[in-house]
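Ready to find your way around a new protein? Work through the exercises below with the structure open beside you, and try each task before reading its solution.

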Amino acid sequence: MVEENFLVGRGVSDVTGEPAGVGMLGYGKADQRTEGIYTRLRARAFVIAEPGPDATSRVLLVIAELPLIFESIRRAVLDRLATRYGDTYTEANVMLTATHTHCGPGGYSHHLLYNTTTGGFRPATFAAIVDGMCEAVDRAHADVAPADLVLTQGELHDASANRSRPAFERNPAADRAHFPDGIDPLVTVLRIERAGQPVGAITWFAVHNTSMTNRNRLISSDNKGYAAYHWERHTHGQDYRSPEPPGWVAAFAQTNAGDLSPNLNLRPGSGPTDDEFENTRLIGLRQYAAGEALCAAGGEPLPGGVDHRLTTVRLSEVTVRPEFTGDGRAHRTGGPAVGAAALAGSEEDGPAFPGFHEGRNRFWDALSSRVFYRLSATLRDSQAPKALVFGARRLNRVRPVVAEHAPLQLLRIGSLYLVGVPAEVTIVAGLRLRRAVAAAVGAELDRVLVAGYSNGYLHYLTTPEEYDSQQYEGGSTLFGRWELPAVIQTVTGLARALADGRPVSPGDPPPRLIGLARFGGRLTRTAATRTGTAASPTGTAATRTGTAATRRTEGPDARLGEVLRQPRSGYRAGERVTATFLAAHPNNDLRRGDSYLEVQGAEPGGGWRAVADDGDWCTRFHWAPGTRRGQRAATATVTWDIPDATQGRFRLRYLGDAVDPDGTRRAVIGTTAEFEVTDPAPSSPVTSARRPTTARRSGSSAR
């Protein structure tokens, strides 16, 4: 075993945004607004450095359980890290990547399109994400210690299905032969060891994080979040509310998941079962099991050394050289344009707007072919056969609608290469990117991974052949048929520079934006997303106290916290306990790193200990608003699915924060009557889905 080739630090933090009244990001449904929490969202940070007096050669990987990473978040995080650590962490050596849950609160972009269904820009959610990601980095930075990195790879065949077969089948036979089942089954695990003992793992696997459907209203980290939760909490007993450093950190990252669905029956919420919650658990559990098995295997100790390259290109105006286009001629990308198929959504994961379809859209096809493409040969060469609905390039000059700048990145960790792409990459598009990098650096193909959803968001990246099919993914490839060749051209340049030890140009940086407008940002040439500014309150206080936009005044009502619905006096393991409380607005305090609920168990010698909170799979926190005239009060409903082998006396607690008319903030605590849990109920439908009860940190019941 190679000893201590690296210095590695690990950190975990909470990035959960507003749990009430905010549009969720991913499915594009304006009526999908947050109504509580099923599982909290977390960011996991990993610092990987070369040993040395200053350990200046390092990379930072942050894997966040978020719908997307936007330039707004990236810029705010980098600014915060620069303030704290100088030039230790820069845009070149920092990769921020999302797991792409579709059930997290949105409103944190500075581009108009992504805030139209979220109620506009949400400063408190923005702050929670930036605070949480930076906190995870702080913890990883403080955790740096000598470590070995061991790489293992295998395959997982029952956790994904190709949702875009008509497009996939258009690819050449040599590409399709690489994926005989139409999926990318590769599982890659990077195991972190200290003194020969595993202390963490990063698992990469390609599958959309869409087991939860667009009917769900509870914040959820979805299947990849469950995989990480299961490994950390269930297997290793991690207490996320404890101030102690974690003994084990497990992240489940994305690769080229653009055309891969977890809905194995290719219908929303269907496969392996017809229960979206159970599907989330099962698909997550399969990823965990694959990762855990590979982690327990031998593996290849990575040689030391880290390196990085990054450049930013304006994808709306890239000239692609003939050696990358495939037809021997130069071509040029086009301005961002949304196709009719994009507005249809993915029919297998969550349809979007009625009247639009994947594939042919007769009206929009005719309008594009007979009008738009006849008027402009340049537009036709870059965007045809896309059925154009609207272009964003001119709109971007007035107000930023979508991003046009792509930060493209290459990280090397020993013999592992990560290609950071701010897009949803299909498996064949990913294969071509991987082949290009592997050839340039002289690596094995499986040692090159595409890290999609990284450092920004530019929608989809398809092969030209897939683009011609104009399925959802092709309609969402904004910069046209030559977008993938443009990205391959740029990434190949990064790979050659890295192999030769040459620096690269930073490229064309995007304009800095401020999220002041209701639905998006505005252009600025001087202002940055700084900590504590009115435009983007990224200080910790913003997360804990809410903002003027999200505060709710309940008045000095002594009944807040009152139990409206008590649990029964007795239950069996496997049953569900439910209680309802008069509640304050949860956006008053996002309780980041804390909880809106506790399940408490009686101690043998007296007192109570917390055994579960709102971050646990076995609990749900559901908030219902009151009416404007007070005919119905706001309520919080807490449920607990009692895990197997649970016995004893328990009670439920609701934890909230009220704001009085004079601005005074006060804690709200509601506690149910005690109830007894006895032997398991026979043939319980929820028993198999629940983890054993585990004690939380001491003192948590004092709130």
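A residue counts as buried when its relative accessible area is under 20%, as exposed when it is over 50%, and as partly exposed in between. Keep that in mind, and remember that this is a predicted model.

**Exercise 1. Two positive phi values**

Decide whether Gln-470 is buried or exposed, and do likewise for Leu-266.

Solution. Start with Gln-470, which sits in the loop between α13 (464–469) and α14 (472–475). Its phi is near 50 degrees, a positive value in a residue other than glycine. Now apply the cut-off: the relative accessibility of Gln-470 is 6%, so this residue counts as buried.

Next, go to the loop between β13 and α6, where you'll find Leu-266. Leu-266 isn't a glycine either, yet its phi is positive, at about 55 degrees. With a relative accessible area of 33%, Leu-266 comes out as partly exposed.

**Exercise 2. The whole protein**

Work out how many helices and strands there are, and what share of the residues is buried.

Solution. Count the elements to begin with: the protein has 16 helices and 38 strands. Then turn to burial: of the 703 residues, 64% are buried. Finally, take the contacts between residues at least 6 apart in sequence: 76% of these join residues at least 24 apart.

**Exercise 3. Checking helix lengths**

Compare the span of α2 with what 1.5 Å a residue leads you to expect, then repeat the check for α9.

Solution. Helix α2 runs over residues 123–142, which is 20 residues, so it should span 28 Å. Its end C-alpha atoms are 28 Å apart, in agreement with that value. What about its surroundings? Of the 20 residues of α2, 15 are buried, so the helix is largely enclosed by the rest of the structure.

Helix α9 takes in residues 362–375, and its 14 residues should span 20 Å. The end C-alpha atoms are 19 Å apart, which agrees. There's one more thing to spot in α9: a kink of about 35 degrees, centred on Ser-368. Ser-368 is also one of the buried residues of α9, along with Asp-365 and Tyr-373. Look at what these buried residues pack against, and you'll find α10 (377–383) and β21 (388–391).

**Exercise 4. Buried residues and their partners**

For Asp-175, Ala-167 and Thr-490, find the helix each one sits in, then list contacts beyond four places away in sequence.

Solution. Take Asp-175 to begin with, in helix α4 (residues 173–178). Its relative accessible area is 6%, so Asp-175 is buried. Past its sequence neighbours, Asp-175 touches Val-428, Leu-431, Arg-432 and Arg-435. In that part of the chain there's also Ala-429: 254 residues separate Asp-175 from it in sequence, but their C-alpha atoms are separated by 9.5 Å.

Move on to Ala-167, found in helix α3 (residues 165–168). At 4% relative accessibility, Ala-167 is buried too. Its contacts are Glu-466, Ser-469 and Gln-471, leaving aside neighbours within four places. For a distance to check, try Ala-167 and Asp-259: they're 92 residues apart in sequence and 9.3 Å apart in space, C-alpha to C-alpha.

Last comes Thr-490, in helix α15 (residues 483–500). Its relative accessibility is 13%, so Thr-490 counts as buried. Not counting residues up to four places away, Thr-490 touches Thr-311, Val-313 and Leu-408.

**Exercise 5. Two cis prolines**

Locate Pro-272 and Pro-385, and look at the peptide bond leading into each.

Solution. Pro-272 is in the loop between β13 (260–261) and α6 (276–296). The bond from Gly-271 to Pro-272 is cis, with omega near 5 degrees. Pro-385 is in the loop between α10 and β21. Here the bond comes from Ala-384, and it's cis as well, with omega near 10 degrees.

**Exercise 6. The largest pocket**

Which residues lie nearest the centre of the largest pocket, and what classes of residue make up its lining?

Solution. Begin with the volume, about 660 Å³. The lining has 33 residues, and those nearest the centre are Gly-26, Tyr-27, Gly-28, His-459 and Tyr-472. Sort the lining by class and you get 17 nonpolar, 13 polar and three charged residues. To finish, look for elements that each supply at least two lining residues: β2 (20–25), α8 (340–344) and β19 (345–346) do so.

Key: Residues are numbered from 1 along each chain as its sequence is written. This is a predicted model: local features need pLDDT of at least 70, side-chain atom pairs count only at pLDDT 80 or more; totals for chains, interfaces and linings use all residues. Side-chain values use heavy atoms; hydrogens and water are left out. Helices (H or I, at least four residues) and strands (E, at least two) are DSSP runs, numbered from the N terminus. The expected span of a helix is 1.5 Å times one less than its number of residues. The bend at a residue is the angle between axes fitted to the seven residues ending there and the seven starting there. Buried means under 20% relative accessible area, exposed over 50%, partly exposed in between (1.4 Å probe, protein chains only). Contact means heavy atoms within 4.5 Å. On a 1 Å grid over the protein atoms alone, a cavity is a set of points where a 1.4 Å probe fits but cannot get out, and a pocket is an open set with protein on both sides within 12 Å along at least five of seven lines; lining residues have an atom within 4 Å of a point. Grid points are joined across faces, edges and corners, and a volume is the space filled by probe spheres set on the points. Ala, Val, Leu, Ile, Met, Phe, Trp, Tyr, Cys and Pro count as nonpolar, Asp, Glu, Lys and Arg as charged, and the others, Gly among them, as polar.
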